[in-house]
Amino acid sequence: MDATAWVPIRWPCGPLEIERVKAVPGVTTSDVLALRQWSEPALLDRIAGSPVSCLVVPWAEGSERDGEHQRSLVPLLAAARQRGLALVGWSGEKADTRRALQAARDAGLDAIATGAADAPADAAVLRFRDQWLADRSPSDFVGAFGPAWPGLRVTTSGDVDAETGPTGPPWLNSNAWYVRLARALVQPKTLWLAFEPPEIGQPVAAVSYAQAVADSAIHGGRWLVSLDQRLRVALAADTASARATCAALAQSLAFFEAHRAWAGYDAVGQLGVVSDYAGPHAFLAFEVLNLLARQGSLARIVETRRVHEATSLEGLDAVLYVDAAPPDRDVARKLYAFAEAGGALITPPGREERGAPSEGPWLPGFRLLRHGAGRLAVAREDFADPYRLAEDAQLVMSHRHDRLRIFNPGTSQSHYLASGDGRAGVLHTLSYQAPGARTPTGVWFRRAWKEGQAWSLDGARPVPAARSVAEPGVEFQPPPVSVYSALELLG
């Protein structure tokens with residue numbers, strides 16, 4: 001079994017799913033009838049020709065009806081196998097995982113997926129873990145529960161929520177930073193994110209599905225595609241609007257499958273965030289990464305146990321040591337050596353203060369010191385507010401050595417990655433502006449990339465981006481962004 005190439009979709013069907021949905025407040029007769037149709041092999045035609053290559057079907061809940069449910073799926077499973085689809089059975093946490101696994105093997109399934117902590121270590125068990133990744137045992141596959149639906153927060157009427165975050169603009173949910181973190185901490189070959197479309201009182205827009213795919217795929221994850229209830233009903237009825245939404249979703253999946261090489265690129269880092277990312281330190285470290293991404297800072301994830309690696313701090317301008325617990329002697333030695341060589345080291349209070357004081361009114365929450373060719377910034381109070389910490393870290397690092405500047409970004413998020421050999425790069429941009437609100441954007445890079453070409457989800461070929469020298473780097477003018485674009489960089 002090799003799940004690395006699977007493009008998965010949840011396929012709700014069968015008696016167990018029907019009973020679950022019947023218990024949901026507000027369920028309609030149409031909802032139940034649609035679920036019955038989803039058990040029929042003919043409905044597989046709806047994904048014919050799409051990149052979807054794996055069905056994830058309900059399989060076991062620890063109920064006395066598990067066997068009846070599994071037998072009811074035999075025609076659907078046989079039809080799916082004839083189409084070359086991989087088959088995964090979803091086993092609930094109350095189910096007997098070993099029994100579910102044996103039933104799956106008997107039925108010809110490729111694997112089961114489960115969040116059960118006592119799941120057997122078996123190649124055919126796809127383990128989903130909690131969002132804090134408390135279990136970091138090595139695994140080729142990691143599934144993650146709990147990520148948010150990416151994009152602007154929306155109300156139940158489908159309108160953009162006026163609520164804003166500390167950054168002022170409308171609050172953006174994103175999982176791209178989390179994909180980076182999960183891959184850094186566990187280093188799986190395959191990472192699936194399990195999250196559901198929001199209930200907004202109407203079908204979720206096609207652009208929102210495209211954003212969900214892109215946000216998961218930018219750093220090499222895959223969304224376990226799940227359709228909202230209204231879309232499932234419309235798809236069962238084969239309406240034109242449902243076909244259009246699914247076509248847009250398929251187009252997004254196909255784009256990232258065609259550009260899987262980008263998933264192997266490394267995020268360009270300027271600020272190293274050092275933490276064990278565990279236990280009492282997990283919340284602050286996780287949220288700082290989230291907010292650094294939101295404010296456009298180029299962060300590198302550095303797990304404390306990896307600080308000793310030769311390249312862990314290489315090329316960084318600043319390091320933020322997040323954890324309240326002090327580092328061990330060897331880690332501390334490397335961090336102070338980094339500052340002495342010219343970097344900026346930001347620490348909680350109580351860390352050793354070296355060098356001459358360099359006070360100033362611009363950052364009152366820290367004691368600032370000159371240490372060798374670099375600086376120390378030692379906090380006066382314990383780190384508590386992740387937003388403030390992310391903002392202060394950027395202030396300490398300053399914008400003097402920026403590797404990337406984006407002009408007129410609107411409501412968007414960007415992610416800058418480069419290949420291991422440094423010969424190629426890509427700037428992913430997700431736009432959350434109103435449809436049709438396309439504004440010209442300029443992008444400046446400190447690195448003098450020789451060529452740039454812009455890709456969009458709806459374009460079969462890239463469009464050359466105008467380039468000009470803007471010392472000490474270059475500037476590109478890519479086409480305005482609608483939903484998503486990638487500026488591919490060469491040279």
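**Charge balance, overall fold and selected sites**

In this predicted model, the 49 positive and 54 negative charges of the protein have mean positions that lie 4 Å apart. The exposed surface of the protein comes to about 21,300 Å², and 52% of that area is supplied by carbon and sulfur atoms.

Turning to the overall fold, the protein contains 12 helices and 27 strands. Along the principal axes, its C-alpha atoms fill a box of roughly 75 × 50 × 40 Å. The radius of gyration is 24 Å, which agrees with the value near 23 Å that a compact globule of 491 residues would have. Of these 491 residues, 53% count as buried. Contacts across the chain are well represented too: among those with a separation of 6 or more, 69% join residues 24 or more positions apart.

The cysteines come next. A search of the whole structure finds 0 disulfides, and two cysteines help to illustrate this result. For Cys 13, the closest cysteine sulfur belongs to Cys 54; at 13 Å, it is too far for a bond, because a disulfide requires sulfur atoms within 2.5 Å. Cys 13 itself counts as buried, since its relative accessibility is 0%. For Cys 246, the closest cysteine sulfur is in turn that of Cys 13, and the distance of 16 Å is again too far for a bond. Cys 246 is also buried, with a relative accessible area of 15%, as the cut-off for burial is under 20%.

Just after Cys 13 in the numbering comes helix 1, which spans residues 14-22. Its buried residues are Gly 14, Pro 15, Leu 16, Glu 17, Ile 18 and Val 21. An α-helix has 3.6 residues a turn, so residues three or four places apart point the same way. The cover over the buried residues of helix 1 includes two further helices, helix 2 (29-38) and helix 3 (66-72), together with strand 2 (54-60).

A site in a strand rounds off the picture. Thr 347 is located in strand 15, which covers residues 344-347. With a relative accessibility of 5%, Thr 347 counts as buried. What does Thr 347 contact, leaving aside its neighbours within four places in sequence? Its partners are Tyr 321, Phe 366, Ala 377, Val 378, Ala 379 and Phe 383. These partners include the aromatic residues Tyr 321, Phe 366 and Phe 383, as well as the consecutive residues Ala 377, Val 378 and Ala 379.

Definitions and conventions
Residues are numbered from 1 along each chain as its sequence is written. This is a predicted model: local features need pLDDT of at least 70, side-chain atom pairs count only at pLDDT 80 or more; totals for chains, interfaces and linings use all residues. Side-chain values use heavy atoms; hydrogens and water are left out. Helices (H or I, at least four residues) and strands (E, at least two) are DSSP runs, numbered from the N terminus. The radius of gyration is taken over C-alpha atoms; the globule rule is 2.2 Å times the number of residues to the power 0.38. Buried means under 20% relative accessible area, exposed over 50%, partly exposed in between (1.4 Å probe, protein chains only). Contact means heavy atoms within 4.5 Å. Accessible areas come from the Shrake-Rupley method with a 1.4 Å probe; for residues, only the protein chains shown count as cover. Lys and Arg count as positive and Asp and Glu as negative; His and the chain ends are not counted. The place of a charge is taken as NZ of Lys, CZ of Arg, CG of Asp or CD of Glu.
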